[in-house]
Amino acid sequence: MDMLMFQLQRNNDTPLYQQLYQEIKEAIISGNISVNTKLPSKRKLADFLAISQTTVELAYGQLVAEGFIESRPRKGYYAQPVEELAYLDVPHHEPVIHEQIDYRFDFHSGKIDTPSFPFSTWRKIAKDVIDESNHELLLSGHPQGDETLRQEIARYLFQSRGVVCDAGQIIIGSGTEQLMPLLIRLLPKALEFGFENPGYALTHNIFSHYDRKAVPIAVDHDGLSVKELEASAVDVAYVTPSHQFPTGAVLSATRRSQLLNWAAAGDRYIIEDDYDSEFRYTSRPIPALQSMDKSGRVIYISTFSKSLMPSLRIAYMVLPKQLMRAYRETFLHYSSTVPRLEQQLVARFMQEGHFARHLNRMRKLYQKKLEKLTSSLLLFAPVVTISGEQAGMHIVLTVETARTEKELIDLAKQAEIRIAGLQSYDVHEKAVFPPQIILGFGGLPEDKIEQAVERLMACWGIKKSSSSS
């Protein structure tokens, strides 16, 4: 390997050698640096990154000490296999399993019910879009995305979420992780961000990657603590108010008003991530924060990952009108990151009513799965209790046990069951007692849920309550 390109933050509190060590370690764990790859010499890497050789030497020394790399006399440094470390060593991410494990039951919160996707309809629309020989699709489109799709999204958001916007305020991108950096660069660099804790780990990392100051704000059963937010120096709050991830809390009506008033009073912004708002089961849908916003302070973000498929890679952002001028000045020369063929396909899918019908079917299907999951778990009450079941495609399971979260996850893994713990989404890695486990039900077949629950309880040694026998 001739060189390694890493973005080291010189004004960060973390020492440069520690940043370099962490970057190389994660690259080895993820496989971006493969086993037995020779790393650059200390002198070459120091020159390339414009840092001291001592910094590189300290980073390499720590990696050698932990077994991530090996120093071979007169040859250099080489990456070592770390299969056993990979699963345990990835901090604060959507739970990533690097080991090739064939799970018998997968409770991953990001899974969807793939057999229910209307492939025949999707295939027909794709064929129609291609057969129309629309030569315009071969050219770069509008940087905000095709207007036909933006119009459909604007119509859908108004009808389903109460979001008030026009197509000109919508930017389409290839996922939330592409739109968030764009937004961060659009806002003044001096602004301080606040994010939910526990919360969506990818967002935390994006703030740090773009050298933005960001602080965690606590979440309780009513959602984000606005009181803690008001006591902070935060200018931009990132929230998931309709179904907080991962706790499942819904931001209360009182806190919604407080949050909007906080933003309006201080010339601040709210980033509303409405990632799974399509699926609500216990009452009528809760309007988006943006629909209540009277001062243009809410930036609305959502995606088709849950409603259609994660692999589609289409997300969208609604900017307040006062930010649109800055966007056009900064990004209008950019090209859209989503292929136009896929944009036209989704637009047609929405225009012809297939999207609405698909959502109705999936809402009923996921509600049945949720009912099966909760009824199966209730048999083991009061040792286990459920929360966050009002919406979305995951619940939170609180387990009254002396075991730690990690012990529960390891036991489930041995039983070929994939689960995640709430602690892994907490930036402080704060231990939670009793432990809380996240169970996603989107990808599990309905007829396998009861068996999955019984196997999970059995591996934890939890028996059914006497009243359920």
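This report walks through some salt bridges and one helix pair in a predicted model.

## Salt bridges at a glance

Let us start with the charged side chains. The structure holds 18 salt bridges, and a few of them are introduced below. One group to look for is a network of salt bridges that links D106, K111 and R418.

## A pair within one helix

E152 and R155 make a good starting point. Their closest N and O atoms are 2.7 Å apart, and the two residues form a salt bridge. Both belong to helix α6, which covers residues 147-161. They sit 3 residues apart, about one turn of the helix.

The two partners also have their own surroundings. E152 has a relative accessible area of 11%, so it counts as buried, while R155 is partly exposed at 41%.

## Pairs that join separate parts

Next comes D267, which forms a salt bridge with R297; here the closest N and O atoms are 2.7 Å apart. This pair links distant parts of the chain, with the two positions 30 residues apart in numbering. D267 is found in the loop between α10 (253-265) and β9 (269-273), and R297 in the loop between α11 (289-292) and β10 (298-303). Is D267 buried or exposed? With a relative accessible area of 60%, D267 is exposed. R297, in turn, counts as buried, because its relative accessibility is 8%.

Another bridge joins R455 to E416, with 3.4 Å between the closest N and O atoms. R455 is part of helix α16 (residues 446-460), whereas E416 lies in the loop between α15 (405-414) and β14 (417-418), so the bridge ties together parts 39 residues apart in sequence. R455 is partly exposed, at 26% relative accessible area, and E416 is partly exposed as well, at 35%.

## Two helices that cross

Now to the helices. Two packed helices are described by the angle between their axes and the distance between the axes. For helix α5 (residues 119-131) and helix α13 (residues 340-351), the axes come within 9 Å and cross at roughly 120°. That angle makes α5 oblique to α13. The crossing of these two helices is right-handed.

Which residues of α5 and α13 make the contact? From α5 come T121, W122, I125, A126, D128, V129 and I130. From α13 come L341, Q344, L345, V346, R348 and F349. Sorted by class, the contact of α5 with α13 has 9 nonpolar, 2 polar and 2 charged residues.

Key:
Residues numbered from 1 in each chain as written. Predicted model: local features only at pLDDT ≥ 70, side-chain atom pairs only at ≥ 80, totals over all residues. Heavy atoms only, no water. Salt bridge = Lys/Arg side-chain N within 4 Å of Asp/Glu carboxyl O. Helix = DSSP H or I, 4+ residues; strand = E, 2+ residues; numbered from the N terminus. Buried < 20%, exposed > 50% of the residue type's maximum accessible area, 1.4 Å probe, protein only. Axes fitted to C-alpha atoms, helices over the stretch in contact; angles between N-to-C directions. Parallel < 35°, antiparallel > 145°, perpendicular 65-115°, else oblique. Left-handed = near helix turned anticlockwise from the far one by under 90°. Contact = heavy atoms within 4.5 Å. Nonpolar A, V, L, I, M, F, W, Y, C, P; charged D, E, K, R; others polar.
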